[in-house]
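Colleague: I would like a close look at a single part of this model, explained slowly enough for a first-year student to follow. Please begin with that part and then walk outward from it.

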Amino acid sequence: MLQKLKKMQILWMIIFVMGIFIFGKGTMKAMASGALQLNKEYKISELIEMASYTGYSSYWFHNIAFPSAGRVRVVFKSTTKEIMTYCKLGDRGQIFYDGIENTRSQWFSVTQGQQSLYMELNEAYNVNSEARFILQYQTSNQYVGEIESNDTFDTANMIQPGITYEGNLTSEDADVYKFVMAQNGLVLIKASDLASHNEVYLYKEDANRNTKKIKKGPDFGRIRLKKGSYFIRCAGRENWEGIPDGDPQEYRLKVDISYESEKSYEQEENNVINDANVKNVNVKYTGNLNDDEDIDWYKFTIDRKSVIALESWVPRESSDWVKFELYKGTDKLQENKTTTNPYNKAEGIIVDPGTYLLRVTGTLNEDYAFNLNCRDYIYVSKIDLDSSIEIIVGDEKTLIEKISPDNADNKTLTWSSSNPSVAVVDYHGTVSTKKVGTAVITAKATDGSGVVGSCNLKVKAKPVKATGIALIAEMTIQAGSSAKLTAQVLPNEATNKSVTWISDDESIATVDASGRVFGRKAGETYVVAAVTESIEDSDSDDPENWIYEICYITVKPKPVPKLNKKAVSVTIGKNYKLSLKSAKGKVTWKSKSPSIATVTSSGVVKGKKPGKATIVAKCGNKSYTCTVTVNGYFGKGTWYTATEGDFHLIIHSVAGNKMKYSIRMPGFSLSHKTAIIGRNGKVATASFKCRYGKKHSLTFTYVNGNRIKIKETSSCSSKLLAWSGKYSKKTLGRSFYKEKYIYAHFNTISFKY
């Protein structure tokens with residue numbers, strides 16, 4: 001049948017060409033009476049009348065003008081028998097085929113312009129007078145699909161994701177479609193109604209616009225593609241068994257794209273190590289194998305010592321398999337091969353910092369997932385051992401270590417002894433002693449942390465029992481004080497030299513663990529020093545195993561602190577040393593009137609001006625006081641005029657800034673008057689009124705220990721000093737001039753002011 005059709009095509013083409021040359025334009029045997037209109041219904045008889053005869057058998061043709069690219073098909077109505085056995089548009093193949101059931105052909109893509117429609121009619125059209133013919137046409141705007149010409153990569157139809165496109169093929173046709181990946185993602189290509197005899201391929205365009213075939217269809221399945229431009233090329237095949245040559249074939253094409261982030265998905269192309277996807281640990285990623293020959297590579301960087309375990313997921317009960325292989329360099333570290341189990345996780349392994357590669361292969365054309373589970377390697381942070389132990393020479397003891405944290409990845413230790421001649425230790429931590437001495441037993445972590453733990457070991461000789469205690473018989477201390485007792489355990493080689501101290505009456509005296517006795521109050525008691533002669537702890541509570549000695553303690557009363565003076569007088573500028581006797585502890589000194597008298601931290605008092613000041617000594621919580629009287633330079637005694645002994649001054653007493661005085665002269669006296677001593681202690685002033693009601697002021701000036709000057713001021717005409725020579729001033733001295741004492745007994749003419 002195929003050979004017959006080819007011969008017929010060749011024959012009518014030859015006849016048609018010859019007819020043009022022989023008869024010339026417009027001289028064909030039967031010229032068309034009018035142009036065949038698209039989408040218009042015609043009777044068969046009208047179709048023949050309008051057609052041009054090819055000159056060969058029953059072949060006819062029409063010249064068809066297509067206003068734009070689109071598609072066309074032949075439709076018959078009211079047919080009862082086969083009318084048309086062959087229909088062809090130009091030289092692009094058959095668009096209608098035999099059979100009364102086939103009342104319409106498949107769609108056939110056309111380009112803009114005039115084309116010839118060739119038909120082979122049989123005699124049945126004379127019988128089917130009611131049969132109708134329509135050449136149905138759609139522009140490219142009336143359907144979503146192929147637009148001719150699209151048979152090269154440069155003329156490819158641009159398609160959008162998510163839209164179904166319709167197209168058709170013949171054995172001599174090829175349709176090319178282009179789509180663009182704006183970013184990496186998952187693509188599902190659905191090529192419906194295309195069979196295995198169609199050549200359907202997926203191509204990728206590189207930066208230089210070169211194309212590379214990457215997968216064969218029409219069953220593309222799910223495929224991950226990287227950002228870029230891609231082509232789908234669909235082509236028919238000649239002489240395919242069971243398919244008539246030139247028969248058109250309708251198909252549908254749809255591209256679905258799901259864009260994916262590299263944070264969660266595989267990014268093609270990653271089928272060689274150099275193009276491996278760079279991924280992070282502890283993140284679940286999804287990928288897929290585009291075909292059985294696809295290999296997916298992933299790269300991970302680990303910057304510290306870690307523990308890793310590969311996790312993988314595949315669809316449940318898949319008939320295909322996928323294998324996950326983890327490498328460092330060329331060394332395979334882990335492998336997960338998954339078939340029916342949806343999830344697998346490898347055992348954790350310890351790895352060093354570096355770059356690690358994951359290789360995924362298999363027959364699975366569905367999504368797989370993986371996660372390189374990674375956590376920091378947990379180093380040993382601390383090794384606890386007994387800080388010190390004692391072992392009797394010849395014995396053994398196993399040290400028990402406590403390693404922190406509990407979940408450290410490697411708890412293996414190495415043991416060593418600093419003094420193997422005294423003791424050695426094995427890899428279990430068991431210490432064997434050799435001789436008396438000391439050693440440090442060390443346990444070191446083997447995980448590279450450098451952490452060590454140590455134990456101070458003392459190897460002791462075999463024990464010697466105590467036989468006695470050397471202790472003084474008696475001791476005297478004061479209440480509030482303490483003294484140290486020393487007990488010597490005998491013999492000197494005794495193993496146990498730990499002395500226990502006990503006071504018989506702790507209200508009088510107590511004793512601490514070192515043997516120091518503290519006096520509490522006056523009285524007598526005794527202190528016991530005891531040591532056990534047993535070397536077994538279990539026997540230490542038995543009184544018969546104890547050896548003891550007694551020291552009698554006498555506690556004397558505690559002395560009461562006391563100032564050496566409670567009251568003292570000093571002259572301005574002079575010092576006096578105070579002390580607090582029997583004081584225990586620090587003594588502090590303070591003057592309540594530092595302008596009158598000061599005191600140093602050692603208790604030295606110094607007079608500053610006439611007056612009284614209280615000095616306070618404080619020791620502990622108690623205070624002690626001393627009253628200090630600071631006197632001026634005036635002193636008790638009698639002074640006389642240096643030239644006239646009839647006038648004399650008597651100073652009865654000086655207390656602070658007050659001076660009691662009397663003045664004696666023949667005929668009058670001033671008795672026991674008070675003068676106020678000034679700040680510097682050398683000037684005293686007094687005042688009084690005379691019998692005339694006038695005020696008199698006296699100023700006494702200290703010159704030295706033997707001389708005093710006296711001055712009187714008053715508005716009164718009768719001066720006190722007028723009774724003795726120069727009345728305004730007198731200089732008095734200690735010397736007594738008898739020859740001048742002429743009025744000494746004239747008491748009858750005494751005037752008292």
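In the hairpin of β36 and β37, which residue takes a positive phi, and how many residues lie between the strands?

Modeller: The residue is G448, whose positive phi is near 90 degrees, and the hairpin has six residues between its two strands. Before going further, please keep in mind that this is a predicted model, in which local features need pLDDT of at least 70 and side-chain atom pairs count only at pLDDT 80 or more, while totals for chains, interfaces and linings use all residues. Residues are numbered from 1 along each chain as its sequence is written, and side-chain values use heavy atoms, with hydrogens and water left out.

The strands named here are DSSP runs of E with at least two residues, numbered from the N terminus, and two of them pair if DSSP finds at least two bridges between them. By that rule β36, residues 437–445, is joined to β37 by eight bridges and runs antiparallel to that strand, with K444 standing opposite V452. On the β37 side there is also a parallel pairing, since strand β30, residues 388–392, meets β37 over five bridges, and S388 stands opposite N456.

β37 itself, residues 452–460, shows two faces: G453, C455, L457 and V459 make up the covered one, whereas V452, S454, N456, K458 and K460 make up the uncovered one. The general rule to remember is that in a regular strand the side chains alternate between the two faces of the sheet.

A second hairpin makes a useful companion to the one you asked about. β54 (residues 611–619) and β55 (residues 622–631) are joined by nine bridges and run antiparallel, and A613 has V628 as its bridge partner. This hairpin has two residues between its strands, and G620 in the turn has a positive phi of about 70 degrees. β54 is also paired with β51, residues 587–591, through five antiparallel bridges, and there S591 stands opposite I615.

Two cysteines of this region deserve a word. C619 counts as buried because its relative accessibility is 10%, and C626 is buried as well, with a relative accessible area of 0%; here buried means under 20% relative accessible area, exposed means over 50%, and partly exposed lies in between, all with a 1.4 Å probe and protein chains only. If a disulfide is taken as a pair of cysteine sulfur atoms within 2.5 Å, the count in this model comes to zero.

Further along, M659 lies in strand β58, residues 658–665, and M659 is buried at a relative accessible area of 0%. M659 and K636 are 23 residues apart in sequence and 9.0 Å apart in space, C-alpha to C-alpha.

Now consider two open sheets. One has three strands in the order β49-β53-β52 with antiparallel pairing, and β49 (575–577) and β52 (597–599) each have a single partner strand, so one side of each is left without a neighbour in the sheet. Its twist averages 20 degrees from one strand to the next, where axes are lines fitted to C-alpha atoms and angles run from 0 to 180 degrees between N-to-C directions. Within this sheet, β52 and β53 (residues 604–607) are joined by three bridges, and V599 stands opposite V605.

The other sheet has four strands in the order β1-β9-β4-β7, again with antiparallel pairing. At its edges stand β1 (41–43) and β7 (108–110), each with a single partner strand, so one side of each lacks a neighbour in the sheet. The twist here averages 30 degrees from one strand to the next. β4, residues 70–77, is joined to β7 by three bridges, and G70 stands opposite V110.

Strands also contribute to the lining of the largest pocket. β14 (199–205), β15 (211–216) and β16 (222–225) each supply at least two of its lining residues, and β15 gives the most, with four. By class, the lining has six nonpolar, four polar and twelve charged residues, where Ala, Val, Leu, Ile, Met, Phe, Trp, Tyr, Cys and Pro count as nonpolar, Asp, Glu, Lys and Arg as charged, and the others, Gly among them, as polar.
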